[in-house]
Amino acid sequence: MWSILANPHRFMAFSKIAIPIAFALGLILFGYFLWQGLFVVPTDEVQGGDIFRGMFIHVPSAWMCMGLYVGLAGSSFVWFIWRHELADVAARAIAPIGAGYTALCLATGAVWGKPTWGTWWLWDDARIMSVLVLFFLFIGYMALRAALETRQKAARAGAILAMVGVINVPVIRFSVDIWSSIHQGPSVIRADGPAMSWVYLQPLLLIFLGQLLIISALILILMRAEIYNQQADAALARRLSKA
Amino acid sequence: MTGAPILSAFNQAVSEAWASGAGLLLPLGFFAGTAVLVPFSVGSESELLARIGPGILWLALALASFVTLERIFQADLQDGALDLWVQEDASISLIAAAKTLGHWLISGLPLVLLTPLLALTLQVPPEKTLPAMLAYGLGGLTFFMWGGVAAALAASVARAGLLIALIALPFYLPTVIFGTLALEEGLGGASILFLGASTLFALGVAPAAMGAALRLAAD
């Protein structure tokens, strides 16, 4: 299915329609259910009162930063094997958004941690550490791409780094089970079904879906910008060669 | 497929160290210098040093690997050795692994042999010395393998030192975590096994990544 979009012309036609739809739908879902989550759903006293509402930002951003890294590694893999140019354009667009979401996840985690655990930060918690590692992976990826002189070299080196770094994602996923410290265990994705009540789970999932749509639109916008950039470079090169 | 280029890459890594005139002394001096700086910067109380001593040595080991790895593949790119390696029958991954191992033998292993002495000055209890050396040995090898990947990726970048450190940092962290836990638990605990597993993982995965990165640099 995706290979249909590997053609840049078809991609441009598709993204032109998809961006406004995804963006509008995402904003509606995200806005409505964030309001539900922050103001409407009943307070969960077991989880420390109103502070639990931070979950509606923190948890989706944690899923998102891992998902974005998997997306980065996946498109790097596709580019490395099949050399679909769009896969590299996607990887390049995902990296800054992923770094931003990882930072958001760490920041909201710290804000949530202060009143409930009594500390902003804890160095011996495996979950915090592995998200921090994820942050450095995104930063290192962008720094490596920026340092290499040609687009082709940057794409290849970045793809190798992103694929090697993917080992960190399962480490984050299982770090809560293996080295349990202060971070709570999984309460949504687990073998015996979600432990969270549906009242909270429904807005949480829909906020995540809304953010996913918004992010998809952002990535598509960045990809379009990059394609325009490449087309401009090519046009410039043509004009210079004629002159 | 022949083993000759693999062997020569190994020999080259070993002899390059002597060719500069300093041999083993340069990495050793850097390692000891970094470790010795710490008592001056944080204070020299014995209890404090005993607690942070093993960690200081991990840090010094990681820094030493960054500093020595910067030019490991860059020089080969500039003098054309890399182009010849790519044309060899032997796998470039194995050549890169051999070069990194040779480099570790010169710049990494001696540091481990020096750790008992430094540990003594940093007030680390003597009974911890042997398990510590094992952990530093495994950890150092892992550092050099991942650092080698970063160095290979940045081979065509001028003044790549900081970039190598930034790229390699996420890959160093698990090793440092397991290594520190292993020093606390001793040889009976699970952490030394995790540390060994991470070393084996690096030995298995890093050469392939180095090979791919070097083929890119040679293009």
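Which helix of chain A is A:Arg224 found in? A:Arg224 sits in helix 8, residues 198-242 of chain A.

What you have here is a predicted model, where local features need pLDDT of at least 70, side-chain atom pairs count only at pLDDT 80 or more, and totals for chains, interfaces and linings use all residues. Residues are numbered from 1 along each chain as its sequence is written, while chains are lettered from A and ligands numbered from 1 in the order in which they are written.

**The two chains**

Let's begin with the folds. Chain A has eight helices and zero strands, helices being DSSP runs of H or I with at least four residues and strands runs of E with at least two, numbered from the N terminus. From the N terminus on, chain A therefore reads α-α-α-α-α-α-α-α. Chain B has 10 helices and, again, zero strands.

| Chain | Residues | Buried | Contacts from residues 24 or more positions apart, out of those with a separation of 6 or more |
|---|---|---|---|
| Chain A | 243 residues | 37% | 75% |
| Chain B | 219 residues | 48% | 82% |

For that table, a residue is buried if 20 or more other C-beta atoms lie within 10 Å of its own, exposed if 12 or fewer, and partly exposed in between, with C-beta atoms placed from the backbone. Two residues are in contact if their C-beta atoms, placed from the backbone too, lie within 7 Å.

How does chain B fill space? Its C-alpha trace spans about 55 × 35 × 30 Å along the principal axes. The radius of gyration of chain B is 18 Å, which agrees with the value near 17 Å for a compact globule of 219 residues; the radius is taken over C-alpha atoms, and the globule rule is 2.2 Å times the number of residues to the power 0.38.

As for confidence, the mean pLDDT of chain B is 83, and 97% of its residues reach 70 or more. That score is the predictor's confidence in each residue, from 0 to 100. Among the elements of chain B, helix 1 (residues 4-19) has the lowest mean pLDDT, 78, and helix 8 (residues 129-153) the highest, 89. The complex gets an ipTM of 0.75 and a pTM of 0.80 from the predictor.

**Two bent helices**

Helix 2 of chain A covers residues 8-40, and its 33 residues should span 48 Å at 1.5 Å a residue; the end C-alpha atoms are 44 Å apart, which agrees. The expected span is 1.5 Å times one less than the number of residues. This helix bends by about 30 degrees at A:Ala18, with a proline, A:Pro20, following within four residues. The bend at a residue is the angle between axes fitted to the seven residues ending there and the seven starting there. The buried residues of helix 2 of chain A include A:Phe11, A:Ala22, A:Leu29 and A:Phe33.

Over in chain B, helix 3 has 24 residues and reaches 33 Å from its first C-alpha to its last, close to the 34 Å expected. Helix 3 of chain B bends by about 50 degrees at B:Ile52, and B:Pro54 is the proline that follows within four residues. B:Leu63 is in this helix, residues 46-69, and is partly exposed because 16 other C-beta atoms lie within 10 Å. B:Leu63 and B:Asp79 are 16 residues apart in sequence but 26 Å apart in space, C-alpha to C-alpha.

**Where the chains touch**

The contact takes 18 residues from chain A and 17 residues from chain B. On the chain A side, helix 5 (126-147) and helix 6 (151-165) are the elements that give two or more residues. Helix 5 of chain A gives the most, with nine residues. The residues on this side divide into 13 nonpolar, three polar and two charged. Here Ala, Val, Leu, Ile, Met, Phe, Trp, Tyr, Cys and Pro count as nonpolar, Asp, Glu, Lys and Arg as charged, and the others, Gly among them, as polar.

Helix 5 of chain A also holds A:Leu134, which is buried, with 27 other C-beta atoms within 10 Å. A:Leu134 and A:Ala99 are 35 residues apart in sequence and 8.2 Å apart in space, C-alpha to C-alpha.

**Two arginines**

Back to A:Arg224: this residue is partly exposed, with 17 other C-beta atoms within 10 Å. Leaving aside neighbours within four places in sequence, A:Arg224 is in contact with A:Met12 and A:Ser15. Its C-alpha atom is separated by 31 Å from that of A:Pro170, 54 residues apart along the chain.

A:Arg83 is found in the loop between helix 3 (55-82) and helix 4 (85-117) of chain A. Most residues other than glycine have a negative phi. A:Arg83 has a positive phi of about 55 degrees although it is not a glycine, and it counts as exposed, with 12 C-beta neighbours inside 10 Å.
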